[in-house]
Amino acid sequence: MALNGTKKETVLITGEGRLAYSIAVCFLQSGYPVVLRTENMAEAKKNIATHYADLLRFTGEAFNRKHLEVTSTLDAGVNYQLVVAVTGEDIHGKKLLLRELEKKVPAGAVIAVNTESIPLCVLHDGTTHPERIIGLNWTEPAHTTWFMEIIANAKNDRTLVKHLANEAKTYWGKDPYIISGDLGIRAKMMAAMTREAFYLVEHGYASVEDIDRACRNDPGYYLPFAGNFRYIDLMGGAGAYGRVMKDLNPELSKSIKIPDFFINAAQQCGAPAENSKGLYEYEEGDTEKWEATFREFSYRIKQIIDKYPFAYLEEGSSE
């Protein structure tokens, strides 16, 4: 890796889809050589080229394209110190990939795998060196967001974990936090909010459009500035919110069932780009416009967040 100003070693990223490609861009713009192993080489190159153009357009800077190698194979014996694995939430697929990586990368390499719903201890089971396999969650686009969630349990080498967090903060443009356990917190918080949204739509209290307006125009307005707890302090303190939550908490949904309207939407569509169906209706060309607008938004909102950084940013993350 690159702690204390030493040489930035080549990072291996293995995975498919936009998240994997934007992680590659995150490392490239941080000055790291990157090997991206993916089955969809043409898609990866096209996606990264788009990000390269966006970087030039919105920041006036870009990465060295010679530092990127895109391949569909993984050669054994290359001296990688960090491997970033990006997979779907499938236990079997993640375990197969971890076994392959343990055979082909050096014994001292950190293997960081995304995991939202699969406990880290489950992924450790059957591995040769569980101490160097950690959970590492990103959000897309990885190269324009501060988010990074590090998951480490009792089997992990704490020195490696702290080294990784320090490097992410120092070089990758991240504001990482470390979860000591087997599952992260980001997915749990998002799932709780989505569960309540499911309930409100299913029981006719609100439409999908109403939910999005409520989220975007209130919490979406302040969360980039403060986060939930800081916002409570700014808006009157825990006493005022405590009185509200005392009455409201018993009314919140505790359902463990995915509602029928969401199941039907999932069955009717693959991705909006394929058949213009999702939770919203899309006309031809809409998906491309939304994706381009989102990429632009990610740069614009990052400029605002950078202007108003969290007060604890210089203090480091705690465990």
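**Close-up views of aromatic pairs, nonpolar cores and a buried histidine**

**View 1. Y52 and its aromatic partner F63.** In this predicted model, Y52 counts as buried because its relative accessibility is 16%, under the 20% limit that defines a buried residue. The whole structure contains 13 aromatic pairs. In one of them, Y52 and F63 meet edge-to-face, with 5.1 Å from centre to centre and 75° between the planes. This pair links distant parts of the chain, since Y52 belongs to helix α2 (residues 41–59) and F63, 11 residues apart from it, to the loop between α2 and β3 (68–71). F63 is likewise buried, with a relative accessible area of 5%. On the face of the Y52 ring lies R65, at 4.0 Å from the ring centre.

**View 2. The stacked pair Y199 and Y205.** The ring centres of Y199 and Y205 are 6.2 Å apart and their planes stand at 20°, so the pair is classed as stacked. Y199 has a relative accessibility of 27% and therefore counts as partly exposed, whereas Y205, at 59% relative accessibility, counts as exposed.

**View 3. The largest nonpolar core, with F27 and its contacts.** This core has 40 residues, of which I13, F27, V84, W138, I150 and W172 touch the most other members. Helix α1 (residues 17–29) supplies the largest share of the core, namely 8 residues. When neighbours within four places in sequence are left aside, F27 is in contact with V11, I13, Y32, V34, L82, V84, W138 and W172. Ring pairs also join F27 to a cluster in which Y32, W138 and W172 are the other members.

**View 4. A separate nonpolar core.** Apart from the largest nonpolar core, whose members include F27 and W138, lies another core of 16 residues, among them V35, A85, V105 and A109.

**View 5. H143 and its surroundings.** H143 is located in the loop that runs between β6 (133–137) and β7 (149–152). With a relative accessible area of 6%, H143 is buried, because that value falls under the 20% limit. The side chains of H143 and H51 are joined by a polar contact of 3.5 Å. Not counting residues up to four places away in sequence, H143 touches S22, V25, C26, Q29, H51 and Y299.

Methods
Residues are numbered from 1 along each chain as its sequence is written. This is a predicted model: local features need pLDDT of at least 70, side-chain atom pairs count only at pLDDT 80 or more; totals for chains, interfaces and linings use all residues. Side-chain values use heavy atoms; hydrogens and water are left out. Rings of Phe, Tyr and Trp (its six-membered ring) pair if their centres lie within 6.5 Å; planes under 30 degrees apart count as stacked, over 60 as edge-to-face and the rest as tilted. Helices (H or I, at least four residues) and strands (E, at least two) are DSSP runs, numbered from the N terminus. Buried means under 20% relative accessible area, exposed over 50%, partly exposed in between (1.4 Å probe, protein chains only). A charge sits over a ring if NZ of Lys or CZ of Arg is within 6 Å of the ring centre and within 35 degrees of the ring normal. A nonpolar core is a set of buried Ala, Val, Leu, Ile, Met, Phe, Trp, Tyr and Cys residues joined through side-chain atoms within 4.5 Å. Contact means heavy atoms within 4.5 Å. A polar contact is a pair of N or O atoms within 3.5 Å; within protein, one must be able to donate a hydrogen and the other to accept it, and residues adjacent in sequence count only if both atoms are side-chain atoms.
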